Protein chains: 2
Amino acid sequence: MENKDMEIVHKELFELLENRRIKQLQQILEGMNEFDVAAFLTELKPQQMAMVFRMLSKEKGAEVFANLEVEEQEQIINSITDAELAGIIEELYLDDAVDMMEELPANVVKRVMRIATSETRELINQFLRYPEYSVGSIMTAEYVDLKKYMNVLESIARIRRIGKDRETIYTCYVTSADRRLEGVVTLRELLLADDDEVIENIMDTKVIYTTTTEDKESVINLFSDYDLLAVPVVDKEGRLVGIVTVDDVIDVMQQEATEDFEKMAAITPSDRPYMKLGVLELWRNRIPWLLLLMISATFTGMIISNFEDALAAQAALMAFIPMLMDTGGNSGSQSSVTVVRGLSLGDIKFADIGSVMWKEMRVGLLSGISLAAINFIKMLLVDRVLLGNSDISVMIAAVVCLTLVSTVLIAKLVGCSLPMLAEKLGFDPAVMASPFITTIVDALSLCVYFSVARVILKV
Amino acid sequence: MENKDMEIVHKELFELLENRRIKQLQQILEGMNEFDVAAFLTELKPQQMAMVFRMLSKEKGAEVFANLEVEEQEQIINSITDAELAGIIEELYLDDAVDMMEELPANVVKRVMRIATSETRELINQFLRYPEYSVGSIMTAEYVDLKKYMNVLESIARIRRIGKDRETIYTCYVTSADRRLEGVVTLRELLLADDDEVIENIMDTKVIYTTTTEDKESVINLFSDYDLLAVPVVDKEGRLVGIVTVDDVIDVMQQEATEDFEKMAAITPSDRPYMKLGVLELWRNRIPWLLLLMISATFTGMIISNFEDALAAQAALMAFIPMLMDTGGNSGSQSSVTVVRGLSLGDIKFADIGSVMWKEMRVGLLSGISLAAINFIKMLLVDRVLLGNSDISVMIAAVVCLTLVSTVLIAKLVGCSLPMLAEKLGFDPAVMASPFITTIVDALSLCVYFSVARVILKV
C-alpha cells in the first residue's frame, strides 16, 4: 500500500459520501484497515466524521477509535449516544482506554466513566494511577495466563476460548495460585510440542520481566536486546499485573527518540504531532530555552567587552571569533550527541567515563591539530598572500591556531563528560546536549583566545 | 532481569571457568538467554571465548553467534572446525547469515561459502545482491506459506510441521501456484476460527506489503501505523520473496534514529557502537564536517572584517555578536530539528511547506519580539543603569533588538524550509539540520546587524 494509493481511495470514499451511497461506503470501510479508516475520518468535517463513524460496526468502531487523535475522539464522544459510547469503551483494549482518559477533558472523562461497566471502571481507575513515564502507564491487563500443570492440548483449548479479548495470544504467562509469575511459554513452543506435554516441562522459567514503576523507556532495550513480542509486568510483590506488547513499545521508541531530538534542540517536548500544535503552543515550548540561552550568551559578550583594548590593538583578531565559536560548538555537539545516544541505547555507562574521556581527548587533539594545520596554511597563504591582507601575521595565525587546538580539545571533553555527569546526578542527559555545551564552550574558547593573544602578541 | 543481576551471574560463570567446572558451566549457559550468553562471551579473552563457545549445543551456538559483533564472530569462525562452522551456518536464520557475510573479511567469507550447503549458498548469494539501504537487505526467506483452499485444521498441521525453521509462524502468507501473494492470515485468526473453515474465507486480501527495493526506513512507519508483527516483501513481478519481522524493524528504528542524531551533529554515521570505534575512526567520521563548517564560518568572519570601521566607531556593538549568533543558531535548530523529525515520522510532508513556513513565521515573530523586549529592558536597566556602562545608548539597544527580531525570524524560516527543500530534491534532510543552518543564519544575522547599525547609528 503506497501513499498514492491511499489518496485515490480517500477520493473514492469522498465521492460515495457526497453521493450518499451509504451502503457501498459502509462495505468498503468495513474491509479497510482501522488505521486507514482513522486517517480518512481525520480528513472529514466534524459532522461528517461523526456520521461516518456511526456507520461502522461496534468492533471496527472501537479499533478505529483507538487510532484517532484525542481531538477527534472528543468530537465523536460528544456526538454519539450513551449506548454507543458504552459499546466502544468495552471493546477497547484497556491500554487504549487509559491513554484516552489521560488526554480527554474532565467533563468528557466523567461521562465515559459513568457509562463504563463497574469492572472496566475499576480497571481504568487502577491503571490511571501509574505516572505517565512509568511502565504501568503503557501496560494492558488483557494477557493469556496458563497453569503449569496444564498440558499442551488444554492450553491451546484455553487460548482458543479466551483469546478473542486478549491483546496478544502469542506469549502466554504461567502463574501460581497467588498470581506470581512462574514462567513464560510462546504459542510457537506450544504448537511445536506434543499434545500431552505438560506446560511445566516446556515453559521458560528465566523470565525477562519489568515492574510497574520502571521508566517506560527502559523496556525499549529489553525488546531490542531479547527480540520479544511482549514483556510481563509485575508489581512490588512479584505478582503479574499486565503485559507490554511490541506495538506499544514501537510507539514509545518513536516518542522517546522525538523527545530526545527536541531536548537536544532546546525545545520542551510535546507528545502531539507538529501539524496539530498551535503557534502559541510552539512558542511556549521554545521560548524559555531561547531566553535562558540568550542570557547565558551575554556572558560571552562580556568576555569580549573585557578584552576590548586587545581587540582594538589587533583588529584582525576579531574576524576569527565566529570561526572559533562555531568550531568549538560543533566539536562539542559531536561528542555530546554521541554520548547522549550511547547512554540511551545502553552502549555507554557511567562507569565508562574514564575511557570515554581518554578517547575523546585523543580524538579532540587529533581533530584540533588537523584543523589548526589547515587553518594556519589558509591564513598565511590565502588571507595574507593571495588576498593581500597584511594584518595577518605569523604571530596572529599562531594565536588563532593554538586557540583552535585548545577549543576543540575543551569542547570534546566538556561535550562528553557533562551528559554523563548529568545522568549520574539523575538529570536528563539530553537536556545537557548541544545548545548548553555550545554556550559553555563559546565562553571558554574566548577566554583561551584572549589569554593566548596576551601572551604571544603582548596586547 | 536487572543489570546488577547480570554482573553477579557473569562473576559466577567466570569462577566456574577458572576452576574448570565445565559440566556445570555448560548447564548454566544452555539455560541462559542467547543475548546474555553473547554478552558473557564478549567479556572473555579470545581463546577462552572460543573454548566456551564450543561448549554450547549446535542450536544454542547458532543463536548466540547471531547476537555477537562481527569481530567476535570472526574470532570464533577462525577457531572452529569446518564441520562445526557448517552446523552453525545451517542453523542461522538467513537474514542473520547475510548480515554476517556483509561484514566479514573476504577470506573468512570464502571459507563460510565453501562450507555451506549449495541451497544455503544460493540463498545467501541472492540476498547479498540487495543494497544495504534496501528492504531486501533485512528480509528473511523463512516464512510460512499457505494455500487458499486449505482449511484451518490442515493449515495448523502444516504450521506445526514446518514451523520449526521459520522466523515467525504468527503471520502466514497465502500464495498462488506462481508464488503471487493472495492474502494474509494470522495464527490468532486461525486458532479462533472453526477447524473446517477454508483459508480463503478468513484471510485478509488487502495485504500491506513492501518491495525488495524500497528504503528499509520506509517499513518503520508501516509497523508503527498498522501494528504489524511482520510485513511481506514482493519482487518487481509481485511474487512473495521474503518477510521482514518486527524484531529486525526495531533494530532498524534504533539504527536510523542514531544515524539521524549523528547527521544532525555533523558526524558521518557509523553502524558500530561507540565503545567499539577506535580514535582514528571517530576522527575520520567527524573531521570532514568540522573542516567544512570551519571554512564556511570564515565567511562570517569576513563579514565582520568588512564592518571593522563600524565596529571601531561603536565598540559596544561587538559585545552582542555572540548573543545574536547563538540565539539565531538556536532558533534555527529548533525549527530544523522539528521539521526533520516530522518528515521522518511522516507527520510532515513536502506539500505542507506553505503552512509550515506560515506557522514558523508567526512563532518566529512572537519569539523574536519576546526576546527583543526582554533584551531591550535588560540592556537599558542592567547594562546601562546598574552596571553603569554608558556606551549602551537607546539607539544601540534598538539596533541590537531589531536585529534580534529579524535574526530569529530568518532563522525559523531558513530552519524549516531548507530540510524540506533538501528532501524534495532527494537529499537527506537530517544533514541539512543544525550545524549548516547555524552557519547560514550566523552570516545572515551579522549582515542584518551591520545594515541596521548603518541606518540607525549612521556608522
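**Briefing: two chains, their core and a sheet**

Of the interface residues of chain B, 100% are also interface residues in chain A, so the copies meet through the same surface. This is a predicted model, in which local features need pLDDT of at least 70 and side-chain atom pairs count only at pLDDT 80 or more, whereas totals for chains, interfaces and linings use all residues. Residues are numbered from 1 along each chain as its sequence is written, and chains are lettered from A in the order in which they are written.

**Symmetry**
- Chain B is superposed on chain A, by least squares on the C-alpha atoms of residues with pLDDT of at least 70 in both, through a rotation of 180° with 0.0 Å of shift along the axis and an RMSD of 0.1 Å.
- That is the relation of a two-fold axis.

**Nonpolar core**
- The largest nonpolar core (buried Ala, Val, Leu, Ile, Met, Phe, Trp, Tyr and Cys residues joined through C-beta atoms within 7 Å; buried means 20 or more other C-beta atoms within 10 Å of a residue's own, C-beta atoms being placed from the backbone) has 198 residues.
- Those with the most contacts inside this core are Val185(A), Val244(A), Val185(B) and Val244(B).
- Beyond its neighbours within four places in sequence, Val244(B) is in contact (C-beta atoms, placed from the backbone, within 7 Å) with residues including Val135(B), Ile138(B), Met139(B) and Val249(B).

**Sheet in chain A**
- Three strands (DSSP runs of E, at least two residues) form an open sheet of mixed pairing in the order E4-E5-E6, where pairing requires at least two DSSP bridges between strands.
- E4 (210-211) and E6 (240-245) of chain A are the edge strands, each pairing on one side only.
- Strand E5 (residues 230-234) of chain A pairs with E6(A) in the antiparallel sense over 5 bridges, and Val233(A) stands opposite Gly242(A) in E6(A).

Notes
Two residues are in contact if their C-beta atoms, placed from the backbone, lie within 7 Å. A residue is buried if 20 or more other C-beta atoms lie within 10 Å of its own, exposed if 12 or fewer, and partly exposed in between; C-beta atoms are placed from the backbone. Helices (H or I, at least four residues) and strands (E, at least two) are DSSP runs, numbered from the N terminus.
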